[in-house]
Structures are given as structure tokens and as C-alpha cells.
Amino acid sequence: MKIIYIFFIFYLIYLNNAQYTLPNDQQDAIDTIMIEIFGTKVDDICSYGSFKCAPINDGVSASNVSTITEIVFPSSSPKMVITSPFTSFINLTILELTNGLSSYTFFNNISNYQYLKKLVISNQIQPIPSDENLPNSLDSVEFGTISTGINENFFSSGKISNLVIINFDSGSSLPSSFPVNSYLKSLSLPISYIQSSFPNDLNNLKALTELNLNIFNDRNSNENYKDFQLPNFQSPFEQLSIISITFINSPIDSTGSNIQTWNFLQSITQIKTLSNLNIYGKGFTLDPSIGLTDFSLLNSSSIFNFEEGCDFLTMCDKKPCLNLPIDSKLSLSNCNVNLNSLSFKNILEFTMVNNDLEQELPWSSESGIDYVKMDSFNVERKNNLVGPLPSSYCQFRDGVLGVGGNLLSGSIPSCFSCSGANSIGTKYLLPNNFTDFNSNSVATNCPTFSFDTSYNKIVKTDGSSIITISGTDFGWYYKSQQQQQQQQSNDSDSELSPTITITIPNKQIELSIPKGTGANKNFVAYFGSNFQFKQVFTYTYNDSINNNSSSDESGEPSSSSIIYFSSFYFITFLVFIQFLF
């Protein structure tokens, strides 16, 4: 047995070190290519870098004969045009010509690569033949820089789902119009003065779900720069859900006077399939005749990310400057937007970073903040927020509010001082300049803690009663004495206890009463920091009212009692009449 084991180990070592054998035409071709690029051959190309080989398994070739399936040149490759052909590698699944590498001939025979899935060419110089169809296997194509035209056949043949072009150079162009295409899902394109035009019929790309546009609008980038137009987003798009627009420029001053700008493309607001819009960099302004940007037609729960490119918000002259669909997520970075010009009515998550505009936090009813519904209100990084922390912010749910790293001042609302620093509800409030709250602040005895006990205490026996109770500064969580006792005793037969739902933190709770009977029931709950504040809630089931005062379930006297009461007074009245006569 030991001998067999040793033999097996040596066999594995042999397999690990065995060289692949390639067909002669592939071996000669790869030797020629490696000599052209690096000046030398590689003995075992299948073990070199990111090259991969696989057995041919065609039933004809020898069992040890393999074929090259992946060619990925290292990042250290020199920038050059490969003249050697790739035609021998008909089983390629991946070809990546990185670091400025290009090929004179690859596209001349691209239809022969029936297994090709991914193609990356960092520098496409040679024209792409218009009569050469792309293989149906090809799924992803990426060009670093392209200096030739892309013809209509590139979009009408094959089944590419992902196309990326990082940069256009002189001589590059797109077709005058996009043909109908039902396969392309993700498209990334540059737009610059180099192109004479950009197709306006993007909606012909029927399967398109994601569009990324890199717009080069720096007038100082080239002395030949000429202002150009942006494409229109003609509706309807059938599936387009993500649009990312990045303006690439280097403003020479705060006004960005060296960059070309456009009025925000209002056609974007009409793309009803859109659910994610990202705008980065300076480039969009706002048409004064419009006055605001209205995205309310878009999908609910849409995501909006605006980084630096917020002039179309800061230039608005109406309030609110932005209308969003229900349950939206809005992120602003490096945007000096006035928060009081926004409506938070439909915002579920809000994030703001690097806003240099000195301003106070929004709090009025006009702001539209739904404290209970919001999942995130995060303005805690490098914003120039001053003034007090509004007391209404006590109504945010735990973990929603983040205001640290600003210049807020004055006394902190009592709900937060009751809990102390770094506790539930207060862990994202610092650092700031509060006069009575810092990282060393401990929980106070909270003299403002209270509940309004004047609520209606009569409940139904069927478990359907829910009592709404107002309170002040009771925090974000509670602990039930009865539930603790049940857990400790493991008594499954004990009477069910009420449950509390904190509907509005520090302001309102709902007490759900279970099925039961009897009068003067007590429910004990603990609130505040470390659950130090005890509150007793009392209630009485209406069956006890019935027993004591012959009332029906509504608490009103029963009909039989009313009849008895009326009969008694009627007989007394007759006796009184007889006495008079």
C-alpha cells in the first residue's frame, strides 16, 4: 500500500510539471508572436502568465495534445502593434491585448473564432471590416483607445451583451444610427469634440439596461477643441434602468470657466424604466425657464448619485429644486446644495458629503422629512452644518441619524442627553460643538421622561385592542418585565402579556392588548438608557365592566337593565298618581 501511495505522489508531480503539447501551427504562431513582442520564445506557453490551454479532445488528436484557449498578455508588455496573425488559435475563449497592444489582423478573421467570449484590445488602430460578422459566442468587448470607425455591422451582428470603449482618438467614429439590437445590455462610450456626431437612436438598443457616458468637456484639453452637442434620450426605452454620466475636465477656477456645459437633459426625466441615475463632474446646468428638475415619473425606490455635478440643483429658482419618486435614495457629494431647497418627502435614504455651504439642518414641515419612514439621514462627513440640532430629530429611528463631523452648536435635545454619548440613538452625533454634550457625556436622570396616562383603559377581551399612548423622551427601545419573567420561568402557560410598538421614537407608542379577562391589569415596561425608567400601563377588560355594572361589551348599560330601570319608574309613577286621587 505504501508503494502505491508513493507512486501516486510521483505521478501527481509528473502531471504538475508535464509540459503541454500544442499543434504545430499553434506552437509556431505563439513562438512568432512572443519573439515579436518580447524578443524570445517561451518553452511552455501554457504555464506562462495568464495563458491557458486545454486538451483538444476531438477524437482525432493525441491525448496529450492541447490547444490555447486564453491569451492574456502581462501588463509589462510593450506598447506596439502585433503584425503576427492569431488565426491558428481557433479555440480561443479570451484574448486580452493590454498595455497599448494592438493587432493588425485579428478583426479580419474574427468570425472564425466560434468560442471567443471576451475580447480586450487596449489600442484599436486598424479598421474593423464591415463585412466581417462577430461570432455569436462573443459576449464582452472592451477597447481602451480606438482610432478607427465602428461600423453598423458591429452592432447588428453577433450577440455582444457588454461593450466598453474608454476613449476615442482621431479617426474614430460611431455609425450614423444604431441598428435594432436585442442583445446589447451594457454600453460604455466616450463623447468628445473628436466625434462629428453621436447617434440619437439609443432606444434601438432594445435590451440595453445600463448606459455609461464619459463626456470630455475640458476646453483646455486640446487647441482644436470645438463645442459639441450631447445626444437626446428619445423614449421609449424598453429596459434602460441605469445611466451614469461622467464629465471629465480640470476646471482652472471655481467657476469652471474652461469647461463646456449643457442644460440638463430633461429627456432623462421621461425614461420611465430608469431606476438609477449617476452624474459625476461639472457639465450640467439648468435651463432658467424650467426652474427645477422633476424625476417624479421614474420608478419608485430609484437611486440618484450626484457628485460635483450639481449645478442643475444649485441654479434652480423654485422650491423644491428636485422632485423625486417615492422611496428614493439621494446621495450628494461635493455639492454646495442648500438643504432647505430640497423636499425630503419621497426620500428614503439621504447622504451628503463635502458640502461647503454654511447652513442649518432642515426641520420645518416644508422640508417634508418623514422621520419614522426614513432609513438613513447621513450628513456626518465634512459638511459645513451649523446651528442647533432640531428636537424633531429625536423622532428618527435608531441608527438612521448621522450628523457628526460638523459645527452644530447649542444645547442638544433632551432625548439625546437622556441617553448619553455613544449609546442607542446618539452614537453618530459627534464630533460637534454642542455646549452640553460631548464624548464623555453620560445619561442624565431625564426629568422630561413621561407618558400621558390619560388614555382609554377599557379594552376588549378578544385581543383586538391597540392603545395609542403619547410620551416624551422615552428613547428607542423598551424591555418588558413580564416577558423576562416568562423567559426565566419557562412557563408557557403563563398569561400572555401586552406588546409595545414604538411608532414614533420619543413621542408615541402603541400598546397591543392580548386576549384576557379581568380588571386593573398592569403591564410594566422599562425605557431609556440601560432601561432605567420604569413605566406601568394599566388597562381593564370590558367583561369586568359588564359584571360590575351590567354593561354590554361597549361599556354601555345592557338593554335588559334599561327595561328594568324604566319599568320600576313607571310603576312608581302609577302609585304616585293613585295617591293623588
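Q: Which residue does a disulfide join to cysteine 46?
A: In this predicted model, cysteine 46 is buried, and so is its partner. The torsion about their S-S bond is about -80°, so the disulfide is left-handed. With an S to S distance of 1.8 Å, the residue joined to cysteine 46 is cysteine 53.

Q: What is the handedness of the disulfide of cysteine 310 and cysteine 335?
A: The sulfur atoms of cysteine 310 and cysteine 335 lie 1.7 Å apart. Cysteine 310 sits in the loop between strand S16 and helix H4, and cysteine 335 in the loop between strand S18 and strand S19, 25 residues apart. Because the torsion about the S-S bond is about 50°, this disulfide is right-handed.

Q: Is cysteine 394 buried or exposed?
A: Cysteine 394 forms a disulfide with cysteine 415. Buried means under 20% relative accessible area. The relative accessible area of cysteine 394 is 7%, so cysteine 394 is buried.

Q: Which helix gives the largest share of the largest nonpolar core?
A: This core has 117 residues, and Phe154, Phe306, Leu332, Phe350 and Phe377 touch the most other members. The largest share, 5 residues, comes from helix H2.

Q: Which strands stand at the edges of the open sheet?
A: The sheet has 4 strands in the order S27-S33-S32-S29, with mixed pairing. Within the sheet, strands S32 and S33 run antiparallel and are joined by 7 bridges. Each edge strand has a single partner strand, so one side of each is left without a neighbour; these are strand S27 and strand S29.

Technical notes
Residues are numbered from 1 along each chain as its sequence is written. This is a predicted model: local features need pLDDT of at least 70, side-chain atom pairs count only at pLDDT 80 or more; totals for chains, interfaces and linings use all residues. Side-chain values use heavy atoms; hydrogens and water are left out. A nonpolar core is a set of buried Ala, Val, Leu, Ile, Met, Phe, Trp, Tyr and Cys residues joined through side-chain atoms within 4.5 Å. Buried means under 20% relative accessible area, exposed over 50%, partly exposed in between (1.4 Å probe, protein chains only). Helices (H or I, at least four residues) and strands (E, at least two) are DSSP runs, numbered from the N terminus. Two strands pair if DSSP finds at least two bridges between them. A disulfide is a pair of cysteine sulfur atoms within 2.5 Å.
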